[in-house]
Amino acid sequence: MKAASNCNQSGHFDYPKTEISDVPLLSCSEAIEKLKSFREKHKGKQQYLAMYSSIFGGITTDPAAMVIPMDDHMVHRGHGVFDTTAIMDGGVKVVTSSVPIKPPQFATTKSVNYLPNVLAKMEAEEVGAFAGIWLDSDGFVAEGPSMNVAFVSKENELIMPQSDKILSGCTAKRVVVLAESLVREGKLQGIRMKNVTLEEGKKANEMMLLGSGILVRPVVQWDDQIIGDGKEGPVTQALLNLVVDDMKSALPTVGIPVPY
């Protein structure tokens, strides 16, 4: 429905006339049928297996029901940008971000203040990279827009930047614990938290991104610098396997089986 008003010759508005709009008023069941019909007509190449919906409060395997409300993660946390990425050729490229990093008092706190993160992600994607890497106010390597950064040094140590100016991610913390087994096996010489310069980071044997959405992702190029031999490194692969196995081992107690 819509209302239209006209001004008469005396300068006064006539009483609004109600006109019938061609936009339908749908019931709940009709809206669901529209969703199903739309999904059938617009089938893409991407296969969506399952999605947790905050609308339904559960996991759905029906692509027609995989909708996100405007006040959900896509808007509040920038997931419309973050969750549209994929591995290419076994590793990803990153760039040094020119977007100002958050001050430590904000960066170390988990919040929905994701605007700088989204801008850093968009800046990277515009030049064909996976993510932008921030440097802190002293020029040391900080973090990515939604992930931590780690390196394997020339001395075969796992190195992570200090977390006093960045968010200390849950995945990164777990990786540190799991990496101890690689030290015991002699695959790593040690694990250290230290300030990492840009030069040190680019000259590392391996570089990886750590986060709940990407787990352990190898970085094969930073700006114009190839990392290591330009391929996924053995420590990165070993850490990914450890994280995946760790997640699987917890499934009986915290996981939800979803049949496809």
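These exercises explore a predicted model, each with a worked solution.

Residues are numbered from 1 along each chain as its sequence is written. In this predicted model, local features need pLDDT of at least 70, side-chain atom pairs count only at pLDDT 80 or more, and totals for chains, interfaces and linings use all residues, while side-chain values use heavy atoms, without hydrogens and water.

**Exercise 1. Find the strands that pair with β11.**

Solution.
- Start with the terms. Strands (E, at least two residues) and helices (H or I, at least four) are DSSP runs, numbered from the N terminus. Two strands pair if DSSP finds at least two bridges between them.
- Locate β11: residues 215-222.
- Take β5, residues 92-96. It runs parallel to β11, with three bridges. Val92 has Val219 as its bridge partner in β11.
- Take β10, residues 206-211. Five bridges pair it with β11 in the antiparallel sense. Gly211 is bridged to Leu215 of β11. Three residues separate β10 and β11 in a hairpin.
- Take β12, residues 225-226. It is antiparallel to β11, with two bridges. Gln221 has Ile226 of β12 as its bridge partner. The β11-β12 hairpin has two residues between its strands, and Asp223 in the turn has a positive phi of about 55 degrees.

**Exercise 2. Decide whether β11 is enclosed or open.**

Solution.
- Fix the cut-offs. Buried means under 20% relative accessible area, exposed over 50%, and partly exposed in between (1.4 Å probe, protein chains only).
- Apply them. Seven of the eight residues of β11 are buried, so the strand is largely enclosed by the rest of the structure.

**Exercise 3. Check the length of α8 and find its packing partners.**

Solution.
- The expected span is 1.5 Å times one less than the number of residues.
- Helix α8 (residues 234-254) has 21 residues, so it should span 30 Å; its end C-alpha atoms are 29 Å apart, which agrees.
- Its buried residues include Val235, Leu239 and Val243.
- The buried residues of α8 pack against β7, β8, α6, β10 and β11. Contact here means heavy atoms within 4.5 Å.

**Exercise 4. Repeat the length check for α5, then look just past it.**

Solution.
- Helix α5 (residues 115-126) has 12 residues and should span 16 Å; its end C-alpha atoms are 16 Å apart, which agrees.
- Among its buried residues are Pro116, Lys121 and Ala124.
- Gly128 follows α5, with a positive phi near 80 degrees.

**Exercise 5. Classify Leu35.**

Solution.
- Leu35 sits in helix α1, residues 28-41.
- Its relative accessibility is 36%, so Leu35 counts as partly exposed.
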